[in-house]
Amino acid sequence: MKHSNKVLKGLLVEHLDALRRFCFSLTGSAADGDDLAQGTVELLLEKGVPADAPFLPWMFRVCKNHWIDGLRSRSRTRTATADELERHQDAHDGQADAFHRIQVGELQRAVEQLDADQRLVLGLVSVQGFSYREAAEILDIPIGTVMSRLSRARKRLLELTEENK
C-alpha cells in the first residue's frame, strides 16, 4: 500500500526545504542541488512511498540513491563556488563578513576533498540533524559505519582546515 498522491504531494511540499539543503550538501552547487531535488521528487511521485515507511528517511534514501546513480553516469560533479555559498548565507557586514567568507571558502574546499561516503554522512548528521540511527537507516548501512565515517570526516576536515592556518 502506498501513500495517496494528495498525501504524498503534501509531504513533499512540507519537506522540500530539507530535501534542497540535503541536495546542496551533496552536490555543493545550488543549481545541481535543485536538479537533484527535482529528480528525487519526480522519482517519489512516479514510484510512490510505502504507507508504512517513515517518509523523511525514505525520501533521503531515494535522494541518496539518485545522487549515486548520477555520479556513476558522470565522471565528475561540479562544486559550489564561493559566490554560490555566500548567496545561501545570511548577510553580515564589514570585518565579520570578510572573516566569514574566508571560513566558508576554507570549509567548502575541505568538504570537496572528502570521500562521497563521508560527505553523505556529514550531510545527513551535521547539515540535516539526523541521529546516527536515522542516518544508518537512510543509507542502509550499520550505525557503526555511520559513526566511523562521520568521525573520519570530522577528523579530515579538521586536518584540512588546520593546514591552511
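Begin by selecting Arg 119, which you will find in helix 6. The model you have open is a predicted one, and every stop on this tour should be read with that in mind.

**Stop 1: Arg 119 in helix 6**

Is Arg 119 buried or exposed? Its relative accessibility is 14%, and because residues under 20% count as buried, Arg 119 counts as buried. Keep Arg 119 selected and add Ser 25, which is 94 residues away in sequence, although the two C-alpha atoms are 7.6 Å apart in space. If you leave aside the neighbours within four places in sequence, the residues in contact with Arg 119 are Leu 26, Trp 67, Val 111, Glu 112 and Leu 114.

**Stop 2: the whole chain**

Now zoom out and colour the chain by secondary structure, where you can count 8 helices and 0 strands. Read from the N terminus on, the order of elements is α-α-α-α-α-α-α-α. Of the 165 residues in the protein chain, 40% are buried. Consider also the contacts between residues at least 6 apart in sequence: 66% of these join residues that are at least 24 apart.

**Stop 3: helix 1 against helix 3**

Two packed helices are described by the angle between their axes and the distance between the axes. Select helix 1, which covers residues 5-27, together with helix 3, and you will see two axes that come within 10 Å and cross at roughly 45°. Helix 1 and helix 3 are therefore oblique to each other, and their crossing is right-handed. To look at the contact itself, show the side chains on both sides: helix 1 brings Leu 8, Leu 11, Leu 12, His 15, Ala 18, Leu 19, Phe 22, Cys 23, Leu 26 and Thr 27, while helix 3 brings Phe 55, Leu 56, Met 59, Phe 60, Cys 63, Lys 64 and Trp 67. Sorted by class, the contact of helix 1 with helix 3 holds 14 nonpolar, 2 polar and 1 charged residues.

**Stop 4: helix 2 against helix 3**

Keep helix 3 (residues 55-73) on the screen and replace helix 1 with helix 2 (residues 30-47), whose axis comes within 9 Å of the axis of helix 3 and crosses it at roughly 120°. At that angle, helix 2 is oblique to helix 3, and helix 2 passes helix 3 in a right-handed crossing. From helix 2, the contact takes in Leu 36, Gly 39, Thr 40, Leu 43 and Leu 44, and from helix 3 it takes in Trp 58, Met 59, Val 62, Cys 63, His 66 and Trp 67. How many of the residues in the contact of helix 2 with helix 3 are nonpolar, polar and charged? The division is 8 nonpolar, 3 polar and no charged.

**Stop 5: Gly 48, in the loop that follows**

Next select Gly 48, which has its place in the loop between helix 2 and helix 3. With a relative accessible area of 14%, Gly 48 is buried. Add Leu 8 to the selection: the two residues are 40 apart along the chain, and their C-alpha atoms are separated by 7.7 Å. Not counting residues up to four places away in sequence, Gly 48 touches Lys 2, Leu 8, Leu 43 and Trp 58.

**Stop 6: helix 6 against helix 7**

Return to helix 6 and add helix 7, whose axes come within 9 Å and cross at roughly 135°. This angle makes helix 6 oblique to helix 7, and helix 6 passes helix 7 in a right-handed crossing. The residues to display are Leu 120, Val 121, Leu 124 and Val 125 of helix 6, which meet Tyr 132, Ala 135, Ile 138 and Leu 139 of helix 7. By class, this contact has 8 nonpolar, no polar and no charged residues.

**Stop 7: two loop residues, Gln 128 and Asp 140**

Select Gln 128, which lies in the loop between helix 6 (116-127) and helix 7. Gln 128 has a relative accessible area of 16% and is buried. A polar atom of its side chain lies 3.0 Å from the backbone oxygen of Ala 18. Beyond residues up to four places away in sequence, Gln 128 touches Ala 18, Arg 21, Phe 22, Phe 60 and Gly 123.

Finish at Asp 140, in the loop between helix 7 (132-139) and helix 8 (143-163). Asp 140 counts as exposed, at 59% relative accessibility. Look at its backbone as well, where phi is near 60°, a positive value in a residue other than glycine.

Note on methods: Residues numbered from 1 in each chain as written. Predicted model: local features only at pLDDT ≥ 70, side-chain atom pairs only at ≥ 80, totals over all residues. Heavy atoms only, no water. Axes fitted to C-alpha atoms, helices over the stretch in contact; angles between N-to-C directions. Helix = DSSP H or I, 4+ residues; strand = E, 2+ residues; numbered from the N terminus. Parallel < 35°, antiparallel > 145°, perpendicular 65-115°, else oblique. Left-handed = near helix turned anticlockwise from the far one by under 90°. Contact = heavy atoms within 4.5 Å. Nonpolar A, V, L, I, M, F, W, Y, C, P; charged D, E, K, R; others polar. Buried < 20%, exposed > 50% of the residue type's maximum accessible area, 1.4 Å probe, protein only. Polar contact = N/O pair within 3.5 Å; in protein donor to acceptor, adjacent residues only side chain to side chain.
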